[in-house]
Amino acid sequence: MTPDATAQPRRSHARANRARILAVARRELSANPEATIEEIARAAGVVRRTLYAHFPGRTALLEAIADEGAEALRGALAAAAVPADSPEQALARHTMELWQVGDRYRTLLALGRQCFGDAWFADLTDPARRDAVAIVRRGQADGVFHGHLPAEVLASALGALMLSLLESVNAGLWEDSGPGAATAILIGAGVPPERAAGVAAGLAR
C-alpha cells in the first residue's frame, strides 16, 4: 500500500476525532461552563493527549467553538435575507434565524466573551447588528416601527432585548423556539402585539 493510501484513512480519522471532540465540548460546556479538558476528553471517548493534539488548551478549544458559532451566524444571516419580506417579516425572520444560533451557542458565546473580551463579541455580532439597523430603518420609513429613536439606537435596544431573552432561557425562566422572541422584538419595534404574534406565527408555519 502506498503512503498516500495509508495517509488518507488517518486524516479522515483525525477529522472525525476533531469533529467529535468539538461536538462533545459544545455539549459539555453548555451544561457546565466549568468543565475541564479532562472531563471533555473523557466524554468524547479520547485520551487527553488526543484532545491536546487537536486543541492545545481550553482557549484553543473555545476559539474553535467560536469559529463554528461565527460560521453558523453567517449562515443564519444569509437565510434571513429574503428580499420579498416586509419590514415586519424581515425583522421577525432575522430574529428567528439568529435565535437558533443563540439557543445553540448561548452559554458558549458567554464563555467566549469572558475569554476573548467585549471587542471580540462586538466584531462577531457586527454583521447581525448592521442587518438589523437596515431592517429597522426600512420599517421606520414605512411607518411600521417606532420613529422616536434613530435606527441604530432602536436596533441596539432590540439586540439587547434578544440577548436578555436568551439569558432567560439559559436560566430556565422561559422556553421558546423562536416565535416568542420574534413577537417580543416586533412589539419592541412598535408593532401592535396581535399583529406581531401573527407575523411570527406565519413565519413559524
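Partly exposed, as I use the term today, means a relative accessible area between the buried limit, under 20%, and the exposed limit, over 50%. That will matter when we get to the salt bridges.

The model is predicted. Its protein chain has an average pLDDT of 89, and 95% of the residues reach at least 70. Confidence is lowest in helix α1, residues 3–31, where the mean is 76. It is highest in helix α8, residues 179–189, at 98.

Annotations next. UniProt, in an unreviewed entry, places "domain: HTH tetR-type" at residues 15–73. In the model that span is 81% helix and 0% strand, and its end C-alpha atoms lie 23 Å apart. The record, again an unreviewed entry, also lists a "DNA-binding region" at residues 36–55. Residues 36–55 are 75% helix and 0% strand, with 13 Å between the end C-alpha atoms.

Now helix α5, residues 87–116. A straight helix of 30 residues would span 44 Å, but α5 covers only 34 Å between its end C-alpha atoms. Where does α5 bend? The bend is at Tyr105, and it is about 70 degrees. After the helix comes Gly117, with a positive phi near 100 degrees.

The same helix matters for the core. The largest nonpolar core holds 55 residues. Those with the most contacts inside it are Leu29, Leu51, Leu61, Ile65, Leu91 and Leu186. Elements giving two or more residues to this core include α1, α4 (58–80), α7 (151–170) and α8. The largest contribution is from α5, with 10 residues. As a general point, nonpolar side chains in soluble globular proteins tend to be buried together.

On to charges. Side chains of opposite charge can pair when their charged atoms come close. How many salt bridges does a search of the whole structure find? It finds nine, and I will go through three of them.

The first on my list is Arg93 with Asp85, where the closest N and O atoms are 2.6 Å apart. The two partners sit in different accessibility classes: Asp85 has a relative accessible area of 7%, so it is buried, while Arg93, at 21%, is partly exposed.

Next, Arg195 and Glu88, whose side chains meet at 2.9 Å, N to O. This pair links distant parts of the chain, since Arg195 belongs to helix α9 (residues 193–204) and Glu88 to helix α5, 107 residues apart. Is Glu88 buried or exposed? With a relative accessible area of 9%, Glu88 is buried. Arg195 has 44% and is therefore partly exposed.

Last, Arg129 and Asp126, a salt bridge at 3.0 Å, N to O. Why are these two about one helical turn apart? Because they are three residues apart in helix α6, residues 118–142. Here the definition I opened with comes in. Asp126 has a relative accessible area of 25%, which lies between the 20% and 50% limits, so Asp126 counts as partly exposed. Arg129, at 41% relative accessibility, is partly exposed by that rule too. The pair is also part of a network: salt bridges with shared partners join Asp126, Arg129 and Arg130.

To recap, α5 bends by about 70 degrees at Tyr105, gives the most residues to the largest nonpolar core, and carries Glu88, the partner of Arg195 in α9. For anyone looking at the N-terminal end, keep in mind that α1 is where confidence is lowest, at a mean of 76. That is all I have.

Terms used
Residues numbered from 1 in each chain as written. Predicted model: local features only at pLDDT ≥ 70, side-chain atom pairs only at ≥ 80, totals over all residues. Heavy atoms only, no water. UniProt positions renumbered as here; feature names shortened; annotations may be inferred. Helix = DSSP H or I, 4+ residues; strand = E, 2+ residues; numbered from the N terminus. pLDDT = per-residue confidence, 0-100. Expected span 1.5 Å × (residues − 1). Bend = angle between axes of the 7 residues up to and from the residue. Salt bridge = Lys/Arg side-chain N within 4 Å of Asp/Glu carboxyl O. Buried < 20%, exposed > 50% of the residue type's maximum accessible area, 1.4 Å probe, protein only. Core = buried A, V, L, I, M, F, W, Y, C linked by side-chain atoms within 4.5 Å.
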